[in-house]
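Reader: I am a first-year student and would be grateful for a close look at one part of this structure. Please take me through it in a connected way.

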Amino acid sequence: MSVRKYLEHTLLKPEASKEQILKLCQEAKEYNLGGVCVNACHVALAAKALAGTEVKVVTVVGFPLGADKSEVKALAAQMAVAEGATEVDMVINVGALKEGDYALVENDIAAVVKASGGKAVKVIIEACLLNDAEKIKACELIAKAGADFVKTSTGFSKGGATVEDVKLLAAEAKKYGIGVKAAGGIRDLATVNAMIAAGANRIGTSGGATIAKEEAE
């Protein structure tokens, strides 16, 4: 089975231009990828470019630190959905998780879930900053808050997705009926296949087109 539908072709660099976003969307259409992932300021542009296709428009909330107030994250999600986002990837309050303020973490996620109006919500836990017990707890809180996926990484911290993390998260996610998105440092077909084999349901990558070409060769 092709990996293309797993791939969310991603461009989250702060310097990304409208021209680059349109190129990202064109590549996603050309290779029939699962989605594009763009910053909120580019959602309307991407939604227009991808209208009439099956390519999802994914955006990020509280990115990349997760340190915004819940009300800000919720409003950002609501606005993005109104502009055409079909999925929302939010960053948790990492500090709150690490110090055991689980109510804050759960309520933070739940606020974004509610604001997203039924659109799929993926929750970025920044796994490189967590120990295994914290990763396991995060999956429980994500499920309790009503979100749909746990996501490994922003790609902007000190580490990205690892096979070990994906295996751990997939085992926990299965208990709650949620999915796993692997993201951060995934740039070739071999790594994509390893992440899928470990249990990833989605793959965030800036190399979506390159990987699709590699698979086609």
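Which strands does helix H9 (residues 208–216) lie across, and at about what angle does helix H9 run to S1?

Author: The model under discussion is a predicted one. Helix H9 lies across strand S1 (7–11) and strand S8 (202–205), and its direction is at about 140 degrees to that of S1. Both strands belong to a barrel, which eight strands close in the order S1-S2-S3-S4-S5-S6-S7-S8 with parallel pairing. From one strand to the next, the twist averages 25 degrees. One pairing in this barrel may serve as an example: strand S2 (residues 35–38) and strand S3 (residues 56–61) run parallel and are joined by four bridges. Within that pair, Cys 37 has Val 58 in S3 as its bridge partner.

Another helix, H6, can be described in further detail. Helix H6 covers residues 132–144, 13 residues in total, and spans 19 Å from its first C-alpha to its last, close to the 18 Å expected. At the N-terminal end, Asn 131 acts as a cap, with a side-chain oxygen 3.1 Å from the backbone nitrogen of Ala 133. Along H6, the buried residues are Glu 134, Lys 135, Ala 138, Cys 139, Leu 141 and Ile 142. These buried residues pack against two strands of the barrel, S5 (120–124) and S6 (149–151). They also pack against the helices H4 (94–98), H5 (102–115) and H7 (163–176). Just after H6 comes Gly 146, whose phi is positive, at about 90 degrees.

Notes. Residues numbered from 1 in each chain as written. Predicted model: local features only at pLDDT ≥ 70, side-chain atom pairs only at ≥ 80, totals over all residues. Heavy atoms only, no water. Expected span 1.5 Å × (residues − 1). Buried < 20%, exposed > 50% of the residue type's maximum accessible area, 1.4 Å probe, protein only. Contact = heavy atoms within 4.5 Å. Polar contact = N/O pair within 3.5 Å; in protein donor to acceptor, adjacent residues only side chain to side chain. Pairing = 2+ DSSP bridges. Axes fitted to C-alpha atoms, helices over the stretch in contact; angles between N-to-C directions.
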